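Work through the following exercises with the sequence and the coordinates at hand, and compare each step with the solution given.

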Amino acid sequence: MKEQKTQIAPSILSADVLRLEEQVSALVKNGADFIHVDVMDGHFVPNLTFGPNMVKALKRITSLPLDVHLMISNPDLYIEKYAQAGADILTVHQEACTHLHRTIQSIHNQGIKAGVSLNPATSLSTIENVLDDMDLLLIMTVNPGFGGQKFIPQGIKKIAEARKMIDTSGRDILLEVDGGVDSKTVKNIVQAGARVLVSGSAIFGQPDIVKAMKELKNLAEKAL
Ligand code: DX5
Ligand code: ZN
């Protein structure tokens, strides 16, 4: 594997919406690498969250890359909207795309990075044929829809397999993990090969969110 540092992507799903600007700015100032925006449509997942307006608003307060995770059906219909709102990485779910290769192309046509995410029950073999086209692979280690769920331990084996696939491809694909990343799980996640760590409740659920993020980042770096 090419030497890659670990990066942290706080998920604003668990932020205090009334203090969003203050919380995001504090994390940006103190070493966050991405801001992870969870988009849910009440159809692909049983919850509703943010639209393109949220991405547009975040763009006004940070220059960090916005890592937009589309947990929606028919993502093709919204690629342009989220790209124009300011998404830097747009990640779609394999399970929501009938023509995944075309969807990835559409994201690239907007001049931004394309990610593909897999639910815990979805095999890595489903993305083998598009691995060379994507910029980021997002392994879900909870069933998407909610923050604060328990890490599904089978995810570790999948992360390790994904790492091998990426290394074999020789391409510079970010391996991101989302769901139940906290001070207890982070070591195994990093050692299995993940390099971008999404974290919602383990940061925003703590009284001092900056301290929580820094601790998680330190643990991730130490695990390398
Ligand atoms: C879940 C979302 C996650 C969520 C993770 O469907 O995709 O990004 O914010 O939350 P935690 O870190 O609390 O598991
Ligand atoms: Zn997410």
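The model is predicted, with local features requiring pLDDT of at least 70, side-chain atom pairs counting only at pLDDT 80 or more, and totals for chains, interfaces and linings using all residues. Residues are numbered from 1 along each chain as its sequence is written, chains are lettered from A and ligands numbered from 1 in the order in which they are written, and side-chain values use heavy atoms, with hydrogens and water left out.

**Exercise 1.** Determine how helix 1 passes helix 2, and describe their packing.

Solution. Helix 1 crosses helix 2 in a right-handed sense, where right-handed means that the near helix is turned clockwise from the far one by less than a right angle. For helix 1 (residues 20-29) and helix 2 (residues 52-61), the packing angle is about 55° and the axes are 10 Å apart. That makes helix 1 oblique to helix 2, the term covering angles that are not under 35 degrees, over 145 or 65 to 115. In the contact (heavy atoms within 4.5 Å), Leu20, Glu21, Val24 and Ser25 of helix 1 meet Met54, Leu58 and Ile61 of helix 2. These contact residues comprise five nonpolar, one polar and one charged.

**Exercise 2.** Find which residues of helix 1 meet helix 8, and give the geometry of the pair.

Solution. From helix 1, Gln23, Ala26 and Leu27 meet Ile209, Val210 and Met213 of helix 8; this contact divides into five nonpolar, one polar and no charged residues. Helix 8 (residues 209-223) packs against helix 1 at an angle of about 35°, with the axes 9 Å apart, and the crossing is right-handed.

**Exercise 3.** Identify the residues closest to ligand 1, and list polar atoms beside its oxygen atoms.

Solution. Ligand 1 is surrounded by 20 residues (a heavy atom within 4 Å), of which Ser11, Asp38, Gly148, Asp178 and Ser201 are the closest. A polar side-chain atom of Ser11 is 2.7 Å from an oxygen atom of ligand 1, and a polar side-chain atom of Asp178 also lies 2.7 Å from an oxygen atom of the ligand. For Gly180, a polar backbone atom is 2.8 Å from an oxygen atom of ligand 1.

Key
Axes fitted to C-alpha atoms, helices over the stretch in contact; angles between N-to-C directions. Helix = DSSP H or I, 4+ residues; strand = E, 2+ residues; numbered from the N terminus. Nonpolar A, V, L, I, M, F, W, Y, C, P; charged D, E, K, R; others polar. Polar contact = N/O pair within 3.5 Å; in protein donor to acceptor, adjacent residues only side chain to side chain.
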